[in-house]
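Take a walk through this protein, one stop at a time. Keep the sequence and the 3D view side by side.

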Amino acid sequence: MKEGSGMVGRIVFAWCRGTQLDQKCKMWRFRADVLNDFALTLDLISPSFPSMFRVLTCVSSISKSFVGVAGGATRAALTVHQARRDNMGDVAAKDGSQETLVNLLGLVAGLIFTPLLDGNPWLIWTLFVLFTIMHVFANYRAVTCVVMETINEDRLKMLVANFIETGDGTMMSRVDVNKLEPVFSNWDDLFFPVHLGVPLNNIVNNYSDFDAAIRHSASDSYMIGFNKNGNVEVVLHRDITSVEMIKAVFQTLVLHVLILNTQVDGAHVETIDSYTKLIKHLPANDQPKLNAILSESRFLTLKLFPKFVRLAEGHGWILSKNLLGPSEWRADWNKGAKKEK
């Protein structure tokens, strides 16, 4: 049962979270380390609870299966980042040697301290808790020290928020952005969720909707719209490039800023609840206002995005590839067939 639960855990975790392991490799690297400590804790306490022994060991096995998938995948992603001379084999070999050395030192320390701690459970648990806290803190410091130069959703949101807020032609450095990148949860303090790479029928229900979407997209390689639940969704053209995909997300973030400055029932939108109220209100009662907001977001994007790209490239950000993690849906339409009037 223990082995079986671990196998099922590996399969389910890879299916549910596999795409995030590249996009948010630092967050999942840290989570894997915390989850590993949690599994070790369960292994230690399980003999003290005979009636729960089977459950605890199964939960520990599932946790370790998550650690195996997340740890291995994020290690590969970080190895790609660290292989500055395309020497992934060399970096991977040295990383493995470093881990082996640490395990060897741990084995020697265990041989020395085990006889000294025998029969003193309070001291054992005190040291275990102390070293676990040190391990978590050290791993937190390690992942926050990594400076990535590729764009993921959290980094892009921070860059755009800073770019819009300052408005003086400056941009946060890669070091500052990576230091602020969350390792516990997503960075959604200022912007609302965006679904990237959705099916066309999520935002288009009939020909008039499609005609309007084409007019708002003009020659772009994406279409932005709202689904029936009020979420912002982006349809991607099959030939979209990395820079155009970043532009699509950039426009959705500009759109959110415009929505936050839109009035609903005489009051400005300031919360997610008010935002949801606005989106659910507009399609039924004021579709022209929604179309106007979409048009204005595109106009501002055309004005601001070239400057954003120049600043980003000047700060060393790589835009030729990204880690925005879109879904696999793509659409095909004749770009530029209709021009927005």
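The paragraphs below move from helices to charged pairs, then to a strand and the cysteines. Keep in mind that this is a predicted model.

Start with helix H5, which covers residues 88-117. How far apart are the end C-alpha atoms of its 30 residues? They lie 42 Å apart. At 1.5 Å a residue, the helix should span 44 Å, so the two values agree. H5 does have a kink, though. The kink is about 30° and sits at Leu111. The proline Pro115 comes shortly after it. Past the helix, Gly119 follows, with a positive phi near 85°.

Now turn to helix H7, residues 153-166. H7 has 14 residues and reaches 20 Å from first C-alpha to last. That is close to the 20 Å expected at 1.5 Å a residue. Is H7 mostly covered or mostly open? It is mostly covered, with 10 of its 14 residues buried. Among them are Leu156, Met158, Leu159, Val160 and Phe163. The buried set also includes charged side chains, such as Asp154, Arg155 and Lys157. At the N-terminal end, Asn152 acts as a cap for H7. One of its side-chain oxygens lies 3.4 Å from the backbone nitrogen of Asp154.

Arg155 leads on to the charged pairs. Side chains of opposite charge can pair when their charged atoms come close. A search of the whole structure finds 14 salt bridges. Arg155 belongs to a network of them, linked with Lys26 and Glu181.

Another pair sits within helix H3, residues 25-45. Here Asp33 and Arg29 form a salt bridge, at 3.4 Å from N to O. The two are 4 residues apart in the helix, so about one helical turn separates them. Both Asp33 and Arg29 are buried.

Glu149 reaches further along the sequence. Which residues does it pair with? One partner is Arg84, with the closest N and O atoms 3.3 Å apart. Glu149 lies in the loop between helix H6 (121-145) and strand S1 (150-152), while Arg84 lies in the loop between helix H4 (53-82) and H5, so this pair ties together parts 65 residues apart in sequence. The two ends differ in cover. Glu149 is buried, because its relative accessible area of 11% is under 20%. Arg84 is exposed, because its 53% is over 50%.

Glu149 also forms a salt bridge with Arg174, where the closest N and O atoms are 3.8 Å apart. Arg174 lies in helix H8 (residues 174-180), so this pair ties together parts 25 residues apart in sequence. At 23% relative accessibility, Arg174 counts as partly exposed.

Next comes strand S4, residues 232-236, which holds Glu233. Is Glu233 buried or exposed? At 4% relative accessibility, Glu233 counts as buried. Its side chain makes a polar contact of 3.0 Å with the side chain of His195. Leaving aside residues up to four places away in sequence, Glu233 touches several others, including Val198, Asn202, Ile203, Met223 and Ile224.

Last, look at the cysteines. A disulfide is a covalent bond between the sulfur atoms of two cysteines. How many disulfides are counted here? The count comes to 0. Two cysteines can still be placed by their cover. Cys16 is partly exposed, with a relative accessible area of 39%. Cys145 counts as exposed, at 52% relative accessibility.

Notes: Residues are numbered from 1 along each chain as its sequence is written. This is a predicted model: local features need pLDDT of at least 70, side-chain atom pairs count only at pLDDT 80 or more; totals for chains, interfaces and linings use all residues. Side-chain values use heavy atoms; hydrogens and water are left out. A disulfide is a pair of cysteine sulfur atoms within 2.5 Å. Buried means under 20% relative accessible area, exposed over 50%, partly exposed in between (1.4 Å probe, protein chains only). The expected span of a helix is 1.5 Å times one less than its number of residues. The bend at a residue is the angle between axes fitted to the seven residues ending there and the seven starting there. A polar contact is a pair of N or O atoms within 3.5 Å; within protein, one must be able to donate a hydrogen and the other to accept it, and residues adjacent in sequence count only if both atoms are side-chain atoms. Contact means heavy atoms within 4.5 Å. A salt bridge is a side-chain nitrogen of Lys or Arg within 4 Å of a carboxyl oxygen of Asp or Glu.
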